Amino acid sequence: MSYRVLNSQLICADYERSYPWIVRGEGCWLFDDRGGRYLDASGATAAVTHLGHGNPRIAEALAQQARTLAVHPTHLFHSPIVERYFERLLAFAPSGFTRAWTISGGTEAVENAVKLAFQYHRVQGRGSRRRVIGRWSSYHGNSILALDIGGMVGRRSFYTDLMPELHLHLSPCLPYRRPEGQSVQDYEDGLVEELERCVAQHPDQIAAFIAEPIVGSALGAAGPTPTYFERIASICRAHDIVMIADEVMTGFGRTGKNFGCEHFGTHADVLACAKGISGGYIPLGALLVRDEIAQTLRESGDPFFSGQTYSCIPLAAAVGIAVLDEIEGRGLVQNAAETGDYLKQALQDHLGDLPCIGEIRGRGLFLGVEFVADRATKEPFPSALRFSKRVEASALRHGIAVLGARGTVDRVGGDHLLLAPPLILDRAEADHLARGLRAGIVDALADPGGPSDLDSAGASR
Ligand SMILES: Cc1ncc(COP(=O)(O)O)c(C=O)c1O
């Protein structure tokens, strides 16, 4: 059923691992070369496939623009379709965002957002502002800078000697893991004070604060306490720190609102976007910039010191417009909110009685399941068990593709899943997902010594 990739030319993560071979996608489903099918509950890796697979309108928009004009010399020309796209993007954004820029993906969006924050301070004579505040247990991309300001210890560890010890990290906001007996309000107060202390300890040094509105792969759809972001934003405003919302996973309707930050009464200064912006049909990312920041840059007379081969190209604009047509025309933000609520309830119904379920959380079609070895104490499974990876493998045998991850507890321990299916998911598919996931978790619990990778995973037919 599965195939070794030992002779593959991939530089792959695990040379010993085998994978089923996927050959086609349609809607929320993936099909392997043996006729097996899988519900794409992670939305590719991850939270990408907002429109599902095989969308003919996007394919046509892509093909037509490729025939018309894919790229052009951007140092000599600008193109109307790109300008039209920026108008659409900014209309889709929260109010107050007046400038946009596109690149090829999420890491580039984050890098460019940080560079823009540096430039914002530099043009005002504040070159000492060179530090970014990020949070542990967050992910902002895979370049050295993005890893550095992110907080996934496992991903950073190989490169820490290349990181300049410039950037700063705060505690994540994960109410489920607050200290035993502490109220949510006290927990939030503590996190806000931590930021205040950090800013006070580094006067005139902080350029930007970056956070995922709801933390995706690093914490399994962990949202903040009720007024956390409002309070963080007001500290940033008071100190003129550029607040960057990493909306790479949470943008474009994923959480049941256009952008994740819209749940929390603050819209940040810069939105870093990718993934759902193109639904996976082309590598695409974007920056959306609040007017005050954009004006300061404009008044300096300098261009934005960025620009890459695939910045602001017509091909990406055509796909981006078609994606927005689909999201808006088919009411997919609303569907994410409604089917997301339905799926969350289905997960509670199907998984709630299993002893390893710590918390089911998230918003819209951006949901997470945190596993525990003991519900009363919230004790995680031993790391060596790789429980989330076991569930990933066993769920796949039941035809459900999920993303299992670690690091929920103390940055390294703890297991969780991220669920981010296409925004076109319907209720029958939500039920199927919850049932299949239950079967996978039950298998993993029954055989904790069973396979924790995909060696024996095969498709359900
Ligand atoms: C929140 C967040 N930011 C940034 C990135 C990096 O995006 P990309 O993989 O497109 O470079 C990711 C990718 O998973 C992400 O989840």
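## A guided tour, starting at Ala117

Select Ala117: this residue is buried, because 24 other C-beta atoms lie within 10 Å. Here, buried means 20 or more other C-beta atoms within 10 Å of a residue's own, exposed means 12 or fewer, partly exposed is in between, and the C-beta atoms are placed from the backbone. Before you click on, know that this is a predicted model, in which local features need pLDDT of at least 70, side-chain atom pairs count only at pLDDT 80 or more, and totals for chains, interfaces and linings use all residues. Residue numbers start from 1 along each chain as its sequence is written.

**Stop 1: around Ala117**

Ala117 sits in helix H4. Helices (H or I, at least four residues) and strands (E, at least two) are DSSP runs, numbered from the N terminus. Which residues does Ala117 contact, leaving aside its neighbours within four places in sequence? Select Ala207, Ala208, Val242 and Ile244 to see them. Contact means that the two C-beta atoms, placed from the backbone, lie within 7 Å. Now check Ala208 by its C-alpha: 91 residues separate it from Ala117 in sequence, but the two C-alpha atoms are 6.3 Å apart in space.

**Stop 2: the ligand**

Stay with H4 and show the ligand. Helix H4 (residues 106-122) gives the largest share of the shell around the ligand, three residues. In total, 15 residues surround the ligand, and the closest are Gly105, Gly106, Thr107, Gly141 and Val248. To be near it, a residue needs its C-beta atom, placed from the backbone, within 6 Å. Colour the shell by class and you get eight polar, five nonpolar and two charged residues. The classes: Ala, Val, Leu, Ile, Met, Phe, Trp, Tyr, Cys and Pro are nonpolar, Asp, Glu, Lys and Arg are charged, and the others, Gly among them, are polar.

**Stop 3: two helices with two sides**

Select helix H7 (residues 184-201). Its 18 residues reach 26 Å from first C-alpha to last, close to the 26 Å expected at 1.5 Å a residue. The expected span is 1.5 Å times one less than the number of residues. Highlight Glu188, Leu191, Val192 and Leu195, which are buried in H7. They are on the same side of H7 because they cover an arc of only 95 degrees around the axis. That arc is taken from the directions from the helix axis to the C-beta atoms. An α-helix has 3.6 residues a turn, so residues three or four places apart point the same way. Flip H7 over to find Asp186, Glu193, Arg197, Ala200 and Gln201 exposed on the other side. What do the buried residues of H7 pack against? Their partners are strand E8 (168-170) and helix H8 (228-238).

Next, pick helix H2 (residues 56-68). Its 13 residues should span 18 Å at 1.5 Å a residue, and its end C-alpha atoms are indeed 18 Å apart. Ile58, Ala61, Leu62 and Gln65 are buried in H2. Look down the axis of H2: these buried residues fall within an arc of 95 degrees, so they line one face of the helix. The face turned away from them carries the exposed residues Pro56, Glu60, Ala63, Gln64 and Arg67. The buried residues of H2 pack against H10.

**Stop 4: the two domains**

Colour domain 1 (3-54 + 331-456) and domain 2 (69-329) separately; these bounds come from an automatic or database domain assignment. Their C-alpha centres lie 26 Å apart. Where they touch, domain 1 brings 36 residues and domain 2 brings 33. Several elements, including helix H11 (332-351) and strand E13 (357-363), each supply at least two residues of domain 1's side. That side divides into 21 nonpolar, ten polar and five charged residues.

Zoom in on H11. Its buried residues include Leu332, Val333, Leu343 and Leu347. The buried residues of H11 pack against helix H10 (314-329), E13, E14 and helix H13 (427-446).

**Stop 5: backbone oddities**

Which way does the peptide bond from Thr45 to Ala46 go, cis or trans? This bond is cis, with omega near -20 degrees, and Ala46 is in helix H1.

Then jump to Phe252, in the loop between strand E10 (242-246) and strand E11 (270-273). Its phi is near 60 degrees, a positive value in a residue other than glycine. Phe252 is buried, with 32 other C-beta atoms within 10 Å.

Last selection: Cys312, in the loop between helix H9 (291-300) and H10. Here phi is near 55 degrees, again positive in a residue other than glycine. Cys312 has 22 C-beta neighbours inside 10 Å, so it counts as buried.
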